[in-house]
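Colleague: I am new to this structure. Please take me closely through the aromatic rings, then through whatever lies around them.

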Amino acid sequence: MSQLSGSTSEVGPSSSQSDDGTSRIPPQPPPPSSSGVSSSGSAAAADQSSRQSNLQRIQQRKQQVYNWPHNKKLLKLAIYSACQADECKCNGWKTPIPPAKSPRVEVSQPLASFTDPCRSCTHVLETHVSHLAPLSEEEVNRLLGMVVDVENIFMSMHREEDADTKRVYYYLFKLLRKCILTMTRPTIEGPLGQPPFERPSIAKAITNFVLYKFGHLAQREWQTMYDLAKMFLHCLNHWNFETPSARRHVTAEEVSAYKINYTRWLVFCHVPAFCDSLPHFETTLVFGRTLLRAVFRSVYRQLMDKCHNERDRMPPEKRVLVLTHFPRFLSLLEEEIYAQSSPIWDPEFKQVPPSHLQASLETKLPAASVTTASSLRRSGEFEKLTVPPSDKDNFTTVNLSPGFGKKQLREGGTASLGEKRAASVIPEGPASCRQSDAKKRRLVPEPMEDLPEATVVEIIATIDSPPNMVGPEAVFPENAPRDETAKQEELRGIISFHVVGNSLTSAVSKQTMLWLIGLQNVFSHQLPRMPKEYISRLVFDPKHKTLALIKDNRPIGGICFRTFMTQGFTEIVFCAVTSNEQVKGYGTHLMNHLKDYHIGHNIYHFLTFADEFAIGYFKKQGFSKDIKLARTIYQGFIKDYEGATLMHCELDPRIVYTEFIAVVRKQKEVVKKLIEMRQQEVQKVHPGLTCFREGVRGIPVESIPGIRETGWRPVARATRVARVTEECNDPDTLLTTLKNVLTTVKNHTAAWPFLKPVDKNEVPDYYDHIKYPMDLKTMGDRLKARYYTTRRLFIADMTRIFSNCRLYNSPDTEYYRCANALEKYFQTRMRELGLWDK
Amino acid sequence: MAFSADAAAFQVQERLKGLYRLVHDIEEERIRSEHNLNNITKAHEKINQEEKVSPYYQQKLKGLYSAAVADAEQEEELIRSALTKVNEIRSIRNERRIQARNAGNKETIRRGALMKMLQSSAQTLPLWVGKLGEKAPALCGAVPAEPTYIAKMGDMVAALVKGAEEEENWILAEVVQFNAATNKYEVDDIDEEQKDRHILSRRRVVPLPLMRANPETDPHALFPKGSIVMALYPQTTCFYKAIVNQLPTSSTEEYEVLFEDPSYADGYSPPLTVAQRYVISIKDKKGKSQT
């Protein structure tokens, strides 16, 4: 990672640790402010750390303020809040005793109390804060955060010498004050426009540049270039750009263009970096060619100066990187930036990176260009349990795969898919991986409930230990993951996966042609109901591609697909494995490769028309008949097959699908181990319950002796699945799910007594006993009327049906039995769908 | 014999211990034999030097040879008892499996796993190692069962069953029991997804080999090239008519067969390999081709 950063002197002041209960912003002078030249070059060495500590101090200050007692917070806010007295126009409480010589009147109020009158409007302080009383603590804290920011901006404004910059600070100062007054969120509108200001962004262009110029390099060299690109982007994101007045411009156009961009940068990137009340954007993500052209040469120069100045302090390997490779990198970049036309700025830039790089590009470069916070988010929950992401290798699930050898095995391979992610991400063997896992964990703030790291390491070690890998299970791995064999074979080079396709414009290798013919044979043999000619036409169509499964240099299976780039989906056309190679997990592994391939190409939707034999397969591969894609997206694009079912699968870019099963397995193992550990802690045998023999029908779960010790909690906290569904704020999903449940319940053999409301003519006294009747038809009507906004309402009505029945009828009746049977069925259904609590 | 899970584990453990000891004994025995064999070689060298066999050496050689034969027999004995142990473990496990199934807790296995188990159980089928001049017994390789043979419970058989649309298929099945009164077998489809139990007359049930034949020692116990057989189509649980294309040349190799298959232009599938256990002779022509 780059320690090198641009000139990053801080504008925001640092706050004192004064604990006098007031809001003294210390007069401690921050480093000189943003006039680019002065703060760069030789002065830059300490910048990074001073910037960091400034940011930290601001954060500390905010935390400190947030921890104040509520009254103190109000006293503080009074200074920025309008007087609520009738017709009073005063917009901030002022201390009645003007401090002697302080230039900052409003920030020093040590002795205020709620009864002190305001110097300007004479109303007491309390009237300035009366409207804040109903606000939540969170909202009050948000306002206080803005107060801290306002004060920091105020300081910066005073220190700023450049007139243009000063004006911008003043504007932001006023904006934030207004937001505190009106209790709104700051939004910056007006002639500056909204980010992103230019497409493609600098980050995208640099990504393109690395691909364009270095895509042909071997992995190691490519990695170097990629690191440099990351470093450069990092510098830009933290760079202090020159004020327009400090620049020598050639043309008036340039002057005004730079002024606009400079102002945008201040408002959207620079100031929000330390005033987090304002929405923050990364420079390299919202600016494009114009800004980079304007600043590149000076940035280049200053960076080089800085590198030379710091050379003695660098570790040797970094010195080589920074002094040998970086200048070359920057000068190549310079050419592209100032060239009349360069492909790197092409918004449609598409250069398929060499396969061994694809994955790392997709998973890593974006991470370089977005903020740390979002890159952490990106890597998501999926691999959290095992290896927390770090900046260095963002996607870590591969560490769990058995495929450590992939890299060595296939380094020389051409376009084979198998190595994709693994090759560029896994730097070392399993043992050392585990060590580095442990290291990485520490980088990530651990959530409260997380396990101690030592426990995780211990568990992983047990799971991976050889004694676990032998024994009868190893001989008959009945429960091995479906794709395990296929993965092993791929690892050993017995099978391989390749994406092949015909082309009319460029030469197609003989190998590819032979494979395509082989694939056509596999498809036409395995799909006897498809006309042969039709299969040939699609397999050899240049718009279709086929993921081929190759064994002994012959295709034994494949998935033929067509990608609709503009629509963002891929249609799966044929999918087959030759009969004597079936049931070996190849189909699953094929589909997982296809998913990974598409994530690498930013396509996240699969659609396919599955015939009756294929539906089962596609279901296992995560497809559903429930099409989540808008019809307009695919209508008219996808081939329609009669008698086949359209199925859809949405991909999650955070998942490496070829490793998915292994990861989930491992997670399961870990959880199992944890349960075992817990069991050993609380093992205790309780005598059985006798109350049921005495005629008690049911007791609350929590009164079962020992159940709490096992970690069971009352239903206040629903199960995980249930929570998800409950929190699911998509009413349509809930509607569909409940509709399904209702339909199946209605179709149940025990449902007949409950289909309609009880007829008063048939059962005259029914409504004398039953005050709240309910039946399945009424439920259907309520469902249609969207009455069931939560599952609980639905469950309540359904339960009502059964309790009514049991209330009115005696236990030996058919009705009573029906109620019991149907209730049991209903609960099972709901449990299956994760809609049941217990 | 019936076992509880623990008892079975204990029994297996005991046999594994025995096996462990036997492996060491075998090694010791081998070293001893080696010693004698060396002596024989030395004796021969001496005789060659002297260019005549003196009565002393005659006597000595005779002694050495009988010792070597005894050693070899001893070693054979040990190896056979080791094999017996292995077989016992197999049958205990099989017993457990049948028991578990009868108890109703039949663990469902995925098809992929099932295929793998079928494959590995064929590969580990006991190898017939006959004594000198002993012929391969029934149900070894291609040698058919005696006409009166009744397959035991848990044995694998090929069974001719009626499908949904009146078509008949030879499927891989497991014997549940034989009813001597009705002279009928009760068999289970090995493919659990079918969940079918069939009651079939004896001629519709063909027991699968219980032992592999070693092509190097018992070539006559293999189907000759060109013979028409029924063979399990790879990765399925059905037997189809096929022609033997190539014989296994070692005990671990499989047959290479061509399946009758009209969906291929020449009417036969490309050569596919099938383990000895799943190649049987069937007289009628009910077999159907893979589609």
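Modeller: Here are the rings, one helix that carries a pair of them, and then a sheet.

This is a predicted model: local features need pLDDT of at least 70, side-chain atom pairs count only at pLDDT 80 or more, and totals for chains, interfaces and linings use all residues. Residues are numbered from 1 along each chain as its sequence is written, chains are lettered from A and ligands numbered from 1 in the order in which they are written, and side-chain values use heavy atoms, leaving out hydrogens and water.

Over all chains, the structure holds 35 aromatic pairs. One of them joins A:Y170 and A:F173. Their rings are stacked, 6.4 Å centre to centre, with 25 degrees between the planes. (Rings of Phe, Tyr and Trp, the last by its six-membered ring, pair with centres within 6.5 Å; planes under 30 degrees apart are stacked, over 60 edge-to-face, the rest tilted.) Both residues belong to helix α6 (residues 163-182) of chain A. They are 3 residues apart, about one turn of the helix. (Helices, H or I of at least four residues, and strands, E of at least two, are DSSP runs numbered from the N terminus.) A:F173 counts as buried because its relative accessibility is 9%. A:Y170 has 43%, so A:Y170 counts as partly exposed. (Buried is under 20% relative accessible area, exposed over 50%, partly exposed in between, with a 1.4 Å probe and protein chains only.)

Another pair is A:Y657 with A:F660. This one is tilted: 6.2 Å between centres, 45 degrees between the planes. Helix α26 (residues 657-682) of chain A holds both, 3 residues apart, about one turn of the helix. A:Y657 has a relative accessible area of 8%, so A:Y657 is buried. A:F660 is partly exposed because its relative accessibility is 30%.

Stay in helix α26 of chain A for A:T658. With 7% relative accessibility, A:T658 counts as buried. Its side chain meets that of A:D596 in a polar contact of 2.7 Å. (A polar contact is a pair of N or O atoms within 3.5 Å; within protein, one must be able to donate a hydrogen and the other to accept it, and residues adjacent in sequence count only if both atoms are side-chain atoms.) Leaving aside residues up to four places away in sequence, A:T658 touches A:D483, A:K487, A:H589, A:N592, A:H593 and A:D596. (Contact means heavy atoms within 4.5 Å.)

Back to rings. A:F754, A:Y787, A:Y788, A:F794, A:F802 and A:F826 make up one aromatic cluster. The charged end of A:R782 sits over the ring of A:Y787, 4.4 Å from its centre. A:R297 does likewise over A:Y338, at 3.7 Å. (That needs NZ of Lys or CZ of Arg within 6 Å of the ring centre and within 35 degrees of the ring normal.)

Now the sheet. It is open, has 6 strands in the order β1-β2-β3-β4-β5-β6 (chain A), and its pairing is mixed. The edge strands are β1 (495-500) and β6 (645-650) of chain A. (Two strands pair if DSSP finds at least two bridges between them.) β1(A) and β2(A) run antiparallel, joined by 6 bridges. There A:I495 stands opposite A:K551. β2(A) and β3(A) also run antiparallel, with 8 bridges. In that pairing A:K551 faces A:R554. Of the 8 residues of β2(A), 7 are buried. Strands β4 and β5 of chain A pair in the parallel sense over 3 bridges.
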